[in-house]
Amino acid sequence: MELLLEPSHWALLAVIGLIAGFIDAVVGGGGLLSIPALLTLGIAPHTVLGTNKLAASFGSSMAAWTYYRQHLFKPSFWYMAFIATFIGAVLGSFLVYLVDTQWLEKVLPLLIIGIAIYSLISPNAISDVNCQAPTSKPPAKQQWLQGLALGTYDGFAGPGIGAFWTVTSGSLYKLPLLHSCGLARAMTFTSNLTALTIFGWLGQVEWQIGLWMGLCMMLGSFIGARCAIKFGMPFIRPLFILIVLMIAANLAWSAWL
């Protein structure tokens, strides 16, 4: 890994980490940048996933904390979702080693394109219309179903997980957009940290690289979350749709072309 000692590579990881953290804090999808960057360093694919989980844990923790400080996320309302996401992420992290991922690579672009189309044609998909902050704990059954499904997906693959959390949270609980973003960042931190534990136990993490990129993602996430909170819907909605379309195009290119 002598290539990693070159200053230009560390600088590139820093810039990509900063941008990826910014995107992740607002809409999710920073892995669209960070994973290819890690792959270009010659790291094995499973180790890339583990290293990316380390970096993403830093970014998502900072974003979640920023939303929490602004009273846009109340952890006590979502402990069922935390538990379900943790269990799902454990299952997903082990499934990576047991399941052929080729079918998922073919289906994922369709699912994410579907999210983009739904967001474009449905005015309430990514909006604050008829939404209000929760005043009591949302139904436990919905939290379990959502947490298990999305936690497993993030542990298994992860592209577009922030978009999935944001859209499904708005649909299931009628949350305002910034509250959906806060919930999404908290839950992706849960699944990132859980998956990181599994990958670390299996020896599939480049710790030095992940820590460096993670610190840069923390800074990007702080800036991104503050921008989202300050500028709100006019800033988040177009960026959300753009990033989702980019994720779908990237996945479609990799899987089909």
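**Exercise 1. Over residues 12–39, what percentage of the chain is helix and what percentage is strand, and how far apart are the end C-alpha atoms?**

Solution. The model is a predicted one. Begin with the record: UniProt, in an unreviewed entry, places the feature "transmembrane region" at several spans, among them residues 12–39 and 156–175. In the model, residues 12–39 are 86% helix and 0% strand, and the C-alpha atoms at the two ends are 13 Å apart. For residues 156–175, the corresponding values are 70% helix and 0% strand, with the end C-alpha atoms lying 27 Å apart.

**Exercise 2. Determine how helix α6 is oriented against helix α7, and describe the residues of their contact.**

Solution. Two packed helices are described by the angle between their axes and the distance between the axes. Helix α6 covers residues 140–156 and helix α7 covers residues 161–173; they pack at an angle of about 170°, and their axes are 11 Å apart. Angles over 145 degrees count as roughly antiparallel, and α6 and α7 are therefore roughly antiparallel to each other. On the α6 side the contact includes Gln-142, Leu-150 and Tyr-153, while the α7 side includes Phe-164, Trp-165 and Leu-172. By type, the residues of this contact of α6 with α7 divide into seven nonpolar, six polar and one charged.

**Exercise 3. Carry out the analysis for helix α1 and helix α9, and add the handedness of their crossing.**

Solution. Helix α1 (residues 7–26) and helix α9 (residues 207–231) pack with their axes 6 Å apart, at an angle of about 40°. That angle makes α1 oblique to α9. The crossing of α1 and α9 is right-handed, and the residues of their contact divide into 19 nonpolar, six polar and one charged.

**Exercise 4. Locate Met-80 and find its contacts beyond its neighbours within four places in sequence.**

Solution. Met-80 is placed in helix α4, which runs over residues 79–95. With a relative accessible area of 23%, Met-80 is partly exposed. Once neighbours within four places in sequence are set aside, Met-80 is in contact with Ala-140, Gln-143 and Trp-144. The C-alpha atom of Met-80 is also separated by 9.9 Å from that of Leu-145, although these two residues are 65 residues apart along the chain.

**Exercise 5. For His-71 and Lys-174, state the phi value, the location and the exposure.**

Solution. His-71 is not a glycine, yet it has a positive phi of about 60°. This residue, His-71, is found in the loop between α3 and α4, and at a relative accessible area of 71% His-71 is exposed. Lys-174, also not a glycine, has a positive phi of about 55°. Lys-174 lies in the loop between α7 and α8, and with 48% relative accessibility Lys-174 counts as partly exposed.

Key
Residues are numbered from 1 along each chain as its sequence is written. This is a predicted model: local features need pLDDT of at least 70, side-chain atom pairs count only at pLDDT 80 or more; totals for chains, interfaces and linings use all residues. Side-chain values use heavy atoms; hydrogens and water are left out. UniProt positions are given in the numbering used here, feature names are shortened, and annotations may be inferred rather than shown by experiment. Axes are lines fitted to C-alpha atoms, for helices over the stretch in contact, and angles run from 0 to 180 degrees between N-to-C directions. Angles under 35 degrees count as roughly parallel, over 145 as roughly antiparallel, 65 to 115 as roughly perpendicular and the rest as oblique. Contact means heavy atoms within 4.5 Å. Ala, Val, Leu, Ile, Met, Phe, Trp, Tyr, Cys and Pro count as nonpolar, Asp, Glu, Lys and Arg as charged, and the others, Gly among them, as polar. A crossing is left-handed if the near helix is turned anticlockwise from the far one by less than a right angle, and right-handed if clockwise. Buried means under 20% relative accessible area, exposed over 50%, partly exposed in between (1.4 Å probe, protein chains only).
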